[in-house]
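Student: I have a model open on my screen, and I would like to learn how to read it. Could you take me through it feature by feature?

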Amino acid sequence: MPVPVLDAVATLAPVDCEFVMTTAEREGVTADTGLSGWLEKSPMAAQIHALTVCMVLMLLEAHGRYGALAFVTASAEDYVRRGFPRLYPST
């Protein structure tokens, strides 16, 4: 994933996670280890955010903007149908 794309997505996070994410991507690029080496030594909140950023980018790359939104909507509806609680208000 290109660094500018990671930067753009990282800016959507809370400030502490944004800083952690941008630091991690630069360390990964410098050490040529990617995010995996950095994730092992990071706090849990930063790990979750970093993995979420990666998943969002892969979802957008695979399905495009509208396809990704449709995929997430369908998945959320499926989870509710299977009995899991909705973690955010439906619109």
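Tutor: Let us go from the overall fold to single side chains.

Tutor: A word on ground rules: this is a predicted model, in which local features need pLDDT of at least 70 and side-chain atom pairs count only at pLDDT 80 or more, while totals for chains, interfaces and linings use all residues. Residues are numbered from 1 along each chain as its sequence is written, and side-chain values use heavy atoms, with hydrogens and water left out.

Student: What does the chain average in pLDDT?

Tutor: pLDDT is the predictor's confidence in each residue, from 0 to 100. Where pLDDT is low, the predicted coordinates should not be read in detail. Here the average is 75, and 60% of the residues score at least 70.

Student: Which element has the lowest mean pLDDT, and which the highest?

Tutor: Helix H3 (residues 34-39) has the lowest mean, 66, and H4 the highest, 84.

Student: How many helices and strands are there in the chain?

Tutor: Helices (H or I, at least four residues) and strands (E, at least two) are DSSP runs, numbered from the N terminus. This chain has 4 helices and 0 strands, giving the pattern α-α-α-α along the sequence. Helix H1 covers residues 3-10, and helix H4 covers residues 44-81.

Student: How much of the chain is buried?

Tutor: Buried means under 20% relative accessible area, exposed over 50%, and partly exposed in between (1.4 Å probe, protein chains only). Of the 91 residues in the chain, 26% are buried. Areas come from the Shrake-Rupley method with a 1.4 Å probe, and for residues only the protein chains shown count as cover. The accessible surface of the chain is about 6,600 Å², and 66% of that belongs to carbon and sulfur atoms.

Student: And contacts between residues that are apart in sequence?

Tutor: Contact means heavy atoms within 4.5 Å. Taking contacts between residues at least 6 apart in sequence, 31% join residues at least 24 apart. You can also compare sequence and space for one pair: Ala8, in helix H1, and Thr22 are 14 residues apart along the chain, with their C-alpha atoms separated by 9.8 Å. Ala8 is partly exposed at 46% relative accessibility.

Student: How many salt bridges does a search of the whole structure find?

Tutor: Side chains of opposite charge can pair when their charged atoms come close. The rule for a salt bridge is a side-chain nitrogen of Lys or Arg within 4 Å of a carboxyl oxygen of Asp or Glu. The search finds 2. In one, Arg81 pairs with Asp78, with the closest N and O atoms 3.7 Å apart. In the other, the side chains of Arg82 and Asp78 meet at 3.5 Å, N to O. Asp78, Arg81 and Arg82 are thus linked in a network of salt bridges.

Student: How are Arg81 and Asp78 placed in helix H4?

Tutor: They are 3 residues apart in that helix, so about one helical turn separates them. Arg81 is exposed, with a relative accessible area of 61%, and Arg82 is exposed too, at 52%. Asp78 is partly exposed, at 28%.

Student: Which residues make the nonpolar surface patch?

Tutor: Patches are made of residues with over 30% relative accessible area and no salt bridge: like charges are joined within 9 Å, and nonpolar side chains (Val, Leu, Ile, Met, Phe, Trp, Tyr) within 5 Å. Here Leu51, Met55 and Met58 make a nonpolar patch of about 320 Å². Leu51 belongs to helix H4 and is partly exposed, at 45% relative accessibility.

Student: How do I read an aromatic pair?

Tutor: A pair of aromatic rings is described by the distance of the centres and the angle of the planes. Rings of Phe, Tyr and Trp (its six-membered ring) pair if their centres lie within 6.5 Å; planes under 30 degrees apart count as stacked, over 60 as edge-to-face and the rest as tilted. That rule gives 1 aromatic pair. The rings of Tyr79 and Phe84 have centres 6.2 Å apart and planes at 90 degrees, so this pair is edge-to-face. Tyr79 is partly exposed, at 44%, and Phe84 is partly exposed, at 47%.
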